[in-house]
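Please load the model and keep a selection panel at hand. The tour proceeds stop by stop, each with a selection to make and a description of what is found there.

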Amino acid sequence: MILGVWMASPYLLSKNPPAETPATSLETAGQKPAPFKVRVNTFEATLRKASVSARGVTEASKTVEVRARTSGAIAESNVIQGQQVARGDLLCRLDMAARTAQLAQAKAALASAQRDYDASAKLVKSNLTTKSQFAADVARLDGAKAALEAVEWDIGWTEIKAPVAGILIDKPSAAGSSLASGDLCAVVSQLDPLVISVQVSERYISYLWEGMVAKAILATGEKVEGTVRFIARNSDLATRTFRVELAVRNADYKIRAGVTAELVVDLPASPAHLLPGSLLGLNDQGQFGVRLLNADKTTSFVAVEVIAQETTGMWVSGLPASVTLVTTGQDYVRDGETVDPVAEKLAGSQ
């Protein structure tokens with residue numbers, strides 16, 4: 001029975017062997033499969049005017065806590081919170097109390113010491129007094145001068161004045177209350193110039209320098225111009241950004257502190273490509289890039305840097321001025337693979 005089946009095999013009964021499959025025939029003939037067909041398009045770089053943009057907030061250029069340098073009761077305080085003050089304006093006047101008497105006593109002591117010194121100076125020249133007595137009179141005169149100066153300084157500190165021009169943002173002390181040395185009389189915020197403080201990415205910090213002119217747009221809709229007065233030397237380790245301060249004139253105090261603002265700095269024009277977002281992909285290392293068609297019709301992945309995004313596509317850098325990219329089928333080919341390119345036309349290409 002087994003012999004019968006074997007004898008009936010078509011390989012024995014047929015004079016011609018079965019035909020080979022097409023793939024087997026191509027391989028036997030030494031032919032390669034047809035290249036994978038992809039669509040390609042050529043893109044030309046254009047000069048793109050870019051700008052650095054960073055969000056921040058308006059701040060006072062200086063905030064000063066004005067404190068008492070001597071003690072006493074407040075006899076006069078005519079300024080109120082929110083009031084504009086000039087440098088040297090009186091904020092608090094302390095009661096003179098016993099200081100008038102102390103001043104008169106110090107002046108009298110100085111006059112007495114001066115008379116004793118003058119007399120001693122004449123006597124020492126005639127050898128009618130000892131040098132030690134003369135030295136004692138000199139020391140007494142110096143002490144009287146120092147005592148008078150201390151009283152005068154103390155009296156001068158009874159008038160607490162604004163050290164800078166600005167807005168009185170806090171006034172905790174009122175007439176009738178007492179201040180000890182070091183107690184807070186008022187807080188003055190200097191708003192001219194006003195500072196716009198922002199954090200700029202490490203990627204763009206090299207485009208900025210102290211003294212350059214820049215613009216800012218406030219949340220209130222105002223557009224202002226100022227000078228970069230400070231760029232931090234150390235970055236914020238968490239965000240890799242640098243603090244930048246823009247000083248803006250604010251003579252009328254129209255701009256308030258604490259308003260959201262956006263710093264805008266124009267950059268030199270540089271070549272870039274505007275590409276459809278669908279052309280960008282990721283390689284195994286997680287880099288953004290596009291698939292390039294080489295002159296020999298092979299493809300290769302090229303990493304690019306996305307510098308801006310618009311509704312019409314993505315602005316990228318890192319490509320040759322004129323470049324042919326795979327626009328359809330790029331996800332199905334590998335680096336070095338030969339393809340069959342078919343040209344197509346896309347918006348934004350040449």
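Select C92 and C185 and display their sulfur atoms: the link between C92 and C185 is right-handed, with 95° about the S-S bond. A disulfide joins these two residues, C92 and C185, with an S to S distance of 2.3 Å; the criterion is a pair of cysteine sulfur atoms within 2.5 Å. One disulfide is found in a search of the whole structure. The pair connects distant parts of the chain, 93 residues apart, with C92 in strand β6 (residues 90-94) and C185 in strand β10. Strands here are DSSP runs of E of at least two residues, helices are runs of H or I of at least four, and both are numbered from the N terminus. C92 is buried at a relative accessible area of 0%, and C185 is buried at 0%. Buried means under 20% relative accessible area, exposed means over 50%, and partly exposed lies in between, with a 1.4 Å probe and protein chains only.

Two notes on the model apply throughout. It is predicted, with local features requiring pLDDT of at least 70 and side-chain atom pairs counting only at pLDDT 80 or more, while totals for chains, interfaces and linings use all residues. Residues are numbered from 1 along each chain as its sequence is written, and side-chain values use heavy atoms, with hydrogens and water left out.

Next, select I160, which is placed in strand β7 (residues 159-161). Is I160 buried or exposed? I160 is buried, with a relative accessible area of 5%. Leaving aside residues up to four places away in sequence, I160 touches V66, R67, A68, D89, L90, L91, C92, L179 and C185; a contact means heavy atoms within 4.5 Å. Both cysteines of the disulfide, C92 and C185, are thus shown around I160 when its contacts are displayed. Now add T70 and draw a C-alpha to C-alpha distance: I160 and T70 are 9.8 Å apart in space and 90 residues apart in sequence.

Proceed to the largest nonpolar core, and select I196, V200, L208, V244, L246 and L263, which touch the most other members among its 30 residues. Such a core is a set of buried Ala, Val, Leu, Ile, Met, Phe, Trp, Tyr and Cys residues joined through side-chain atoms within 4.5 Å. At least two residues of this core come from each of β3 (51-67), β10 (184-201), β11 (213-218), β12 (223-231), β13 (241-248) and β14 (260-266). The largest share, five residues, is supplied by β10. Another core, of 17 residues, lies apart from this one and includes A68, C92, L94 and C185.

Center the view on V244. Which residues does V244 touch, not counting those up to four places away in sequence? The contacts of V244 are I196, S197, V198, V200, I205, L208, V228, F230, I231 and L263.

Remain with β10 and select P193, which is found in that strand. A cis peptide bond joins D192 and P193, with omega about 5°.

Turn to the largest pocket, whose volume is about 340 Å³. A pocket is defined on a 1 Å grid over the protein atoms alone, as an open set of points where a 1.4 Å probe fits, with protein on both sides within 12 Å along at least five of seven lines; lining residues have an atom within 4 Å of a point. Grid points are joined across faces, edges and corners, and the volume is the space filled by probe spheres set on the points. Select A50, R203, Y204, L267 and I307, the closest to the pocket centre among its 20 lining residues. Two or more lining residues come from each of β3, β10, β15 (270-275) and β19 (305-310). The largest share of the lining, four residues, belongs to β3.

Keep Y204 and add Y207: they form a tilted aromatic pair, 6.4 Å centre to centre with 40° between the planes. Rings of Phe, Tyr and Trp (its six-membered ring) pair if their centres lie within 6.5 Å, with planes under 30 degrees apart counted as stacked, over 60 as edge-to-face and the rest as tilted. Y204 is partly exposed at 22%, and Y207 is partly exposed at 38%.

Finally, select Y253, in the loop between β13 and β14. Phi of Y253 is near 55°, a positive value in a residue other than glycine, and Y253 is buried at 16%.
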